Amino acid sequence: MKIAMVGSGYVGLVSGACFADFGHDVVCIDKDQSKIDRLHDGIMPIYEPGLAELVGSNVAAGRLTFTTSLAEGIKGADAIFIAVGTPSRRGDGHADLSFVYAVAEEIGANLANDAVVVTKSTVPVGTGDEVERILKDSGTTHKFSVVSNPEFLREGAAIGDFKRPDRIVIGAEDEFGREVMSAVYRPLFLNESPILFTGRRTSELIKYAANAFLATKITFINEIADLCEKVGANVQDVSRGIGMDNRIGSKFLHAGPGYGGSCFPKDTLALLKTAEDYDSPTRIVEAVVKVNESRKRAMGRKVLDALGGADKARGKKVALLGLTFKPNTDDMRDSPAIAVAQTLTDAGAEVAAYDPEGMELARPLMPDVAMVDDPYAAIEGADVVAIVTEWDVFRALDLKRVKDLAKAPVLVDLRNIYRPDDMRAAGFEYTSIGRG
Ligand SMILES: NC(=O)c1ccc[n+]([C@@H]2O[C@H](COP(=O)([O-])OP(=O)(O)OC[C@H]3O[C@@H](n4cnc5c(N)ncnc54)[C@H](O)[C@@H]3O)[C@@H](O)[C@H]2O)c1
């Protein structure tokens, strides 16, 4: 099969490379010339474990190519995926669909054969209908079908998630769409990955419902963590105690600084807007969004407390370890670290930060933070060391070296990666999340 992937970002590039690895003939298209140039030079425009090798081997096998020309890239394609960004629209929080619709217009103007057009971007209910209208209005004489196929991969584990998904959701309204999508995912049928065929609108809503549910789970345990702090309970044990119940499940029950990233913040907001438009409020999600938003700065205040309070922060030095919204990605979109750093610099603290992959993208987002080349350089002279993202490198810090380098042995662990007893035994003043 020939597949065209329009948009070669976190989702498009991973999906394109995985489809090529299944044996399909894939063209990844992006309007960003520098991205395509880098890919032609074998340089990955994003950090994702295993991606460089996967792209390299499929390029070498002649199954994966890159272009900036949509007209060229979609020629002969059986399936044309739209995997461009759908960020929050400035001002009102609706999903900004301008990139999706621009691609639909361009496909309509250049379609040279029958094809299925697949929305892989996360898009609100009804977007597929609009894409279909745009294609119809383009006057194309070729047969087409518009299908929804939301993506559930997690950054940092994207290749494994794509190749061994919990499920594949396909929202199609006709047999042509279902047939082509079955052929696209046939290699995964053989892996016995479950495929759920639904209507297009249902499929669009499944993606938002899934993300809103996961965001709710995280936010729920974060509030329970706050309660644990007040009553002297341990949130990690509470998580285990409830997560062992199969009806609840243990995933997404890790208390922390609040969810961030490229999906949950914008997708929960977009779901609220859809609910508002259809006069069907989703009050639980409204609460989740509010609670999570206020949590990020509250985490900054937690670090200030370790400094002795906001009024004592001026001129004090804080080391931030980890900036990305989670480990194993360079993605800084809506990372809680941004609000934490802002809270600290607002109070006059001097912040030095280290992140294994995120510093390049973090720099413009936190201009008052000094980025340094390794964790110990950040720790040197620090009044407080705060772990914001649970990269493996921070799980095995040389605690003696930390104590020697820091001005004071004060550690705020916003990810609960150390054990309070161990840290206190090692002579640290230690604060974590929800563990008494
Ligand atoms: N990042 C994730 O973990 C993830 C997971 C599931 C779903 N999604 C969804 O997938 C979609 C893409 O997300 P992403 O993180 O890959 O975004 P991204 O910003 O990393 O990539 C989007 C790419 O599309 C390109 N693009 C924009 N307009 C274009 C056009 N007209 N023609 C060609 N290329 C164009 C951009 O240059 C960019 O490279 C979003 O809707 C997102 O919500 C993301």
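1. A quick bit of vocabulary before we start: a helix crossing is called left-handed if the near helix is turned anticlockwise from the far one by less than a right angle, and right-handed if it is turned clockwise. In this structure, which is a predicted model, the crossing of α13 and α14 is right-handed.

2. Staying with that pair, helix α13 covers residues 283-306 and helix α14 covers residues 336-346. Their axes come within 8 Å and cross at roughly 50°. Angles from 65 to 115 degrees would count as roughly perpendicular and those under 35 as roughly parallel, so α13 and α14 are oblique to each other.

3. Now for the ligand. There are 25 residues around it, and those that come nearest are Asp30, Lys35, Thr86, Glu155 and Lys266. Sorted by class, the shell has nine nonpolar, seven polar and nine charged residues.

4. Have a look at the polar contacts next. The side chain of Asp30 has an N or O atom 2.6 Å from an oxygen atom of the ligand. With Lys31 it is the backbone that matters here: one of its polar backbone atoms is 3.3 Å from a ligand nitrogen atom. Glu155 uses its side chain, placing a polar atom 2.7 Å from a nitrogen atom of the ligand.

5. How much of the ligand does the protein bury? Taken alone, the ligand exposes 840 Å², and the protein buries 90% of that. As for which elements give two or more residues to the shell, they are α1 (10-21) and α5 (98-110).

Notes:
Residues are numbered from 1 along each chain as its sequence is written. This is a predicted model: local features need pLDDT of at least 70, side-chain atom pairs count only at pLDDT 80 or more; totals for chains, interfaces and linings use all residues. Side-chain values use heavy atoms; hydrogens and water are left out. A residue is near a molecule or strand if one of its heavy atoms lies within 4 Å of it. A polar contact is a pair of N or O atoms within 3.5 Å; within protein, one must be able to donate a hydrogen and the other to accept it, and residues adjacent in sequence count only if both atoms are side-chain atoms. Accessible areas come from the Shrake-Rupley method with a 1.4 Å probe; for residues, only the protein chains shown count as cover. Helices (H or I, at least four residues) and strands (E, at least two) are DSSP runs, numbered from the N terminus. Ala, Val, Leu, Ile, Met, Phe, Trp, Tyr, Cys and Pro count as nonpolar, Asp, Glu, Lys and Arg as charged, and the others, Gly among them, as polar. Axes are lines fitted to C-alpha atoms, for helices over the stretch in contact, and angles run from 0 to 180 degrees between N-to-C directions. Angles under 35 degrees count as roughly parallel, over 145 as roughly antiparallel, 65 to 115 as roughly perpendicular and the rest as oblique.
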